Amino acid sequence: MEIHREHDLARDLINSVRTEPGKMIIVGCCEDPLANEYASLGWEVWGYDFRPYQDVRGNAEEPKFKFTQGDFCKASVPPNFFDVAVDVSAIHHFGLGWYGD
């Protein structure tokens, strides 16, 4: 599996702010290895994407990974619910019609 440099940077940033598993949200998680990777490490991971989720590792989804297909901007999320928020390459596409939004 090809790992992109932006995923290495995301890992470094996540690990620098949080050493124990917590709650993570990943916006634009399709085709991204981080969701299943961190769920397998004990994190509770929520993923949002306009596109259907594809398991890029070739394994069944981790039980601690919850995926929602839809518009994250319309999600109802309590304040301070997540310990870490990740966007590797999604938000800069919002509103441009790239993903049917």
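Colleague: Leaving aside neighbours within four places in sequence, which residues is D49 in contact with?
Modeller: This is a predicted model, and the answer applies to it as such. D49 lies in strand β2. With neighbours within four places in sequence left aside, the residues in contact with D49 are G28, C29, C30, F67, T68, Q69 and G70.

Colleague: Is D49 buried or exposed?
Modeller: The cut-off for buried is under 20% relative accessible area. D49 has 5% relative accessibility, so D49 counts as buried.

Colleague: How many of the six residues of strand β2 are buried?
Modeller: D49 belongs to β2, which spans residues 44–49. The strand is mostly covered, and its count of buried residues is five.

Colleague: In what order do the strands of the open sheet stand?
Modeller: β1, residues 23–27, is joined to β2 by five bridges, and the two run parallel. On pairing with β3, residues 65–69, β2 again runs parallel, over five bridges. β1 also pairs with β4 in the parallel sense, over three bridges. Put together, the four strands form an open sheet in the order β3-β2-β1-β4.

Colleague: Which are the edge strands?
Modeller: In the order β3-β2-β1-β4, an edge strand is one that pairs on one side only. That applies to β3 and β4.

Colleague: By how many degrees are neighbouring strands of this sheet turned against each other on average?
Modeller: The pairing in this sheet is parallel. With direction ignored, the average turn between neighbouring strands is 15 degrees.

Colleague: Which residue in β4 stands opposite I26?
Modeller: I26 has a partner in β2, where G47 stands opposite. β1 pairs with β4 as well, and there the residue opposite I26 is V86.

Colleague: What is the hand of the crossover from β1 to β2?
Modeller: β1 and β2 run parallel. The chain goes from β1 through helix α2, residues 34–40, to β2. This β-α-β crossover is right-handed.

Colleague: Which residues touch the most other members of the largest nonpolar core?
Modeller: The core has 16 residues. The elements that give two or more residues to this core are α1, β1, α2 and β4. The members that touch the most others are M24, I26 and V45.

Colleague: Which element gives the largest share of this core?
Modeller: The elements with two or more residues in this core include the helices α1 (5–17) and α2. The largest share is four residues, and the element it comes from is α2.

Colleague: Which residue in β3 stands opposite V45?
Modeller: Not counting residues up to four places away in sequence, V45 touches M24, I26, A35, Y38, A39, K64, F65 and K66. β2 and β3 pair in the parallel sense. The β3 residue opposite V45 is F65.

Colleague: Which residues does the second, separate core include?
Modeller: In a regular strand the side chains alternate between the two faces of the sheet. The second core has five residues and is separate. Among its members are I25, V27, Y48 and F82.

Colleague: What percentage of the residues in the chain is buried?
Modeller: From the N terminus on, the elements run α-β-α-β-β-β, with two helices and four strands in the chain. The accessible surface comes to about 6,100 Å², of which 50% belongs to carbon and sulfur atoms. Of the 101 residues in the chain, the buried share is 34%.

Methods: Residues are numbered from 1 along each chain as its sequence is written. This is a predicted model: local features need pLDDT of at least 70, side-chain atom pairs count only at pLDDT 80 or more; totals for chains, interfaces and linings use all residues. Side-chain values use heavy atoms; hydrogens and water are left out. Buried means under 20% relative accessible area, exposed over 50%, partly exposed in between (1.4 Å probe, protein chains only). Two strands pair if DSSP finds at least two bridges between them. A crossover is right-handed if, with the strands pointing away from the viewer, the path from the first strand over the helix to the second runs clockwise. A nonpolar core is a set of buried Ala, Val, Leu, Ile, Met, Phe, Trp, Tyr and Cys residues joined through side-chain atoms within 4.5 Å. Contact means heavy atoms within 4.5 Å. Accessible areas come from the Shrake-Rupley method with a 1.4 Å probe; for residues, only the protein chains shown count as cover. Axes are lines fitted to C-alpha atoms, for helices over the stretch in contact, and angles run from 0 to 180 degrees between N-to-C directions.
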